[in-house]
Amino acid sequence: MDINQLSKSASAIINMFKGVFNTPKGFDIQKALLYASGLAGYACHQAVKANNESFVVVGTVDNKKFYMGDALNKYLLEDKYSVLSFCNGFFDNFAKGEFRPDPIEIVKKEVAVIGDNNYKIWNIYQPKDVYCEIRNCWEGIYDNMTAVYCQSPQEWPVLFAIVLQNIMITASEAIPAPVLYNMALECAIYVSKMDSDSI
């Protein structure tokens, strides 16, 4: 895996974000962070599917399905180049001595709200709406960006984790690092557990 090349490729996606989320009032940091973290989580789920790895499927009372398990956690939380590792890298370099939230507690919180119809990502967004927007974005850029920039599905989460880290750096000018860290992981973790039968 060539991290330097993936970083260069991620810059094209970041530039796309800067164009898409630029408004008359300036760069829409919240929306960019939502997409970057959502895509990072979505990429983890898609990598598991593409590699025919296994999920632990959790059903809800209203017949929705959510997806968990070691294969997903590998890309999301455990690998050297996991989404979490890039979020930690951001925090270690930009938090200026602040206390880093415990990622295990964030994971526990997200697992606890699976199937809760009152849950909203960041207390703002309906998960099904976020999932659909992220899925549409993924499909819109897959052929021209993701598939071109990555040699294998294992690189998808890394590419979008690099995008997320860079968006977090930009957002840190306006949002405290501990808040950003929580927001990024909350969205990435929840979206990573979703598929079309989760909505």
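These are my notes from looking through a predicted model, one topic at a time.

**Helix H6**

I started with helix H6, residues 127-149. I counted 23 residues in it, yet its end C-alpha atoms sit only 28 Å apart. A straight helix at 1.5 Å a residue would reach 33 Å, so I went looking for a bend, given that the expected span is 1.5 Å times one less than the number of residues. Where does H6 bend? I found it at Tyr 142, with an angle of about 85°.

Next I looked up which H6 residues are buried. My list reads Pro 127, Val 130, Tyr 131, Ile 134, Cys 137, Trp 138, Ile 141, Met 145, Thr 146 and Tyr 149. Then I asked myself what covers the buried residues of H6. The cover includes helix H1 (3-20), H2, helix H7 (156-171) and helix H8 (177-192).

**The largest pocket**

I put the volume of the largest pocket at about 170 Å³. It is lined by 13 residues, and those closest to its centre are Lys 64, Asn 117, Gln 126, Pro 127 and Lys 128. I noted that Pro 127 also turns up among the buried residues of H6. By class, I sorted the lining into six nonpolar, four polar and three charged residues.

**Ser 196**

Lys 64 came up again when I checked Ser 196, which lies in the segment after H8. The two are 132 residues apart in sequence, but I get 9.2 Å between their C-alpha atoms. Is Ser 196 buried, partly exposed or exposed? I logged Ser 196 as partly exposed, because its relative accessible area is 46%, and that class runs between 20% and 50%. Leaving out neighbours within four places in sequence, I see Ser 196 in contact with Tyr 131 and Arg 135. Tyr 131 is already on my list of buried H6 residues.

**Helix H3 and Gln 165**

In helix H3, residues 70-78, I marked Ala 71, Leu 72, Asn 73, Tyr 75, Leu 76 and Leu 77 as buried. What do the buried residues of H3 pack against? I wrote down H2, strand S4 (65-68), H4, H5, H7 and H8.

One residue of H7 got its own entry: Gln 165. I class Gln 165 as buried because its relative accessible area is 18%, and the cut-off is under 20%. Not counting residues up to four places away in sequence, Gln 165 touches Phe 86, Gly 89 and Phe 90.

**Loops and positive phi**

I also checked backbone angles, since most residues other than glycine have a negative phi. Which way does the phi of Asn 52 go, positive or negative? I read a positive value, near 55°. Asn 52 belongs to the loop between helix H2 (29-50) and strand S3 (56-59), and I have it as exposed because its relative accessible area is 73%.

Lys 96 has a positive phi too, near 55°. I placed Lys 96 in the loop between helix H4 (83-94) and helix H5 (103-112). With 80% relative accessibility, Lys 96 counts as exposed.

My last loop entry is Asn 123, between H5 and H6. Asn 123 is exposed, at 72% relative accessibility. I checked the C-alpha separation of Asn 123 from Phe 27, 96 residues away along the chain, and got 21 Å.

Definitions and conventions
Residues are numbered from 1 along each chain as its sequence is written. This is a predicted model: local features need pLDDT of at least 70, side-chain atom pairs count only at pLDDT 80 or more; totals for chains, interfaces and linings use all residues. Side-chain values use heavy atoms; hydrogens and water are left out. Helices (H or I, at least four residues) and strands (E, at least two) are DSSP runs, numbered from the N terminus. Buried means under 20% relative accessible area, exposed over 50%, partly exposed in between (1.4 Å probe, protein chains only). On a 1 Å grid over the protein atoms alone, a cavity is a set of points where a 1.4 Å probe fits but cannot get out, and a pocket is an open set with protein on both sides within 12 Å along at least five of seven lines; lining residues have an atom within 4 Å of a point. Grid points are joined across faces, edges and corners, and a volume is the space filled by probe spheres set on the points. Ala, Val, Leu, Ile, Met, Phe, Trp, Tyr, Cys and Pro count as nonpolar, Asp, Glu, Lys and Arg as charged, and the others, Gly among them, as polar. The bend at a residue is the angle between axes fitted to the seven residues ending there and the seven starting there. Contact means heavy atoms within 4.5 Å.
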